[in-house]
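Visitor: I am new to this structure and would like the terms explained as we go. Please show me the model.

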Amino acid sequence: MPLTTTRTSPDWPCQVKMPGSYDWERSAAKWLRDLIPARYASYPALMRHPVLLARHAQIQVQQEIRVARTALQTARAELPVLGLPESVIEHTIKLYAAEVMQLQHIARSVRAVTEALATRGTGR
């Protein structure tokens with residue numbers, strides 16, 4: 001069964017149960033909900049359809065990556081104007097670089113969960 005190999009990949013989030021196991025979709029939905037702004041929990045369609053929630057989480061994380069990259073790329077030019085000391089600027093640049101890497105990992109995890117949810121939905 002191809003879904004079980006997804007679980008053992010380094011991109012599979014540890015908070016989500018193995019695909020095909022009891023209640024795995026619920027654990028996936030809970031994890032995905034934590035990735036999007038809380039106000040989206042009020043939209044019934046997103047809460048009833050985990051694959052739709054996963055799609056939205058993918059978009060959300062991609063936007064966060066763009067924001068972190070922009071902050072990283074502009075930090076050296078824009079932060080000195082704010083009067084920040086060099087040590088704070090360097091720390092901030094490292095923070096943004098680490099955040100981009102973390103978000104890229106989360107994006108891979110969301111893709112893995114989305115694929116598993118989509119496979120479950122199509123009966124493959």
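Visitor: What makes the contact between Arg 26 and Asp 23 a salt bridge?

Guide: A salt bridge is a side-chain nitrogen of Lys or Arg within 4 Å of a carboxyl oxygen of Asp or Glu. The side chains of Arg 26 and Asp 23 meet at 3.3 Å, N to O, so the pair fits that rule. This is a predicted model, in which local features need pLDDT of at least 70, side-chain atom pairs count only at pLDDT 80 or more, and totals for chains, interfaces and linings use all residues. Residues are numbered from 1 along each chain as its sequence is written, and side-chain values use heavy atoms, with hydrogens and water left out.

Visitor: Why is Arg 26 called exposed?

Guide: Buried means under 20% relative accessible area, exposed over 50%, and partly exposed in between (1.4 Å probe, protein chains only). Arg 26 has 58%, so it counts as exposed. Asp 23 has 23% and is therefore partly exposed.

Visitor: How many salt bridges does the rule give?

Guide: The count is five. One of them joins Arg 108 and Asp 11, at 3.2 Å from N to O. Arg 108 lies in helix 5 (residues 86-122) and Asp 11 in the loop between helix 1 (2-7) and helix 2 (24-33), 97 residues apart. Helices here are DSSP runs of H or I with at least four residues, numbered from the N terminus.

Visitor: Why is Arg 108 called partly exposed?

Guide: Its relative accessibility is 34%, so Arg 108 falls in the partly exposed class. Asp 11, at 22%, is therefore partly exposed too.

Methods
Helix = DSSP H or I, 4+ residues; strand = E, 2+ residues; numbered from the N terminus.
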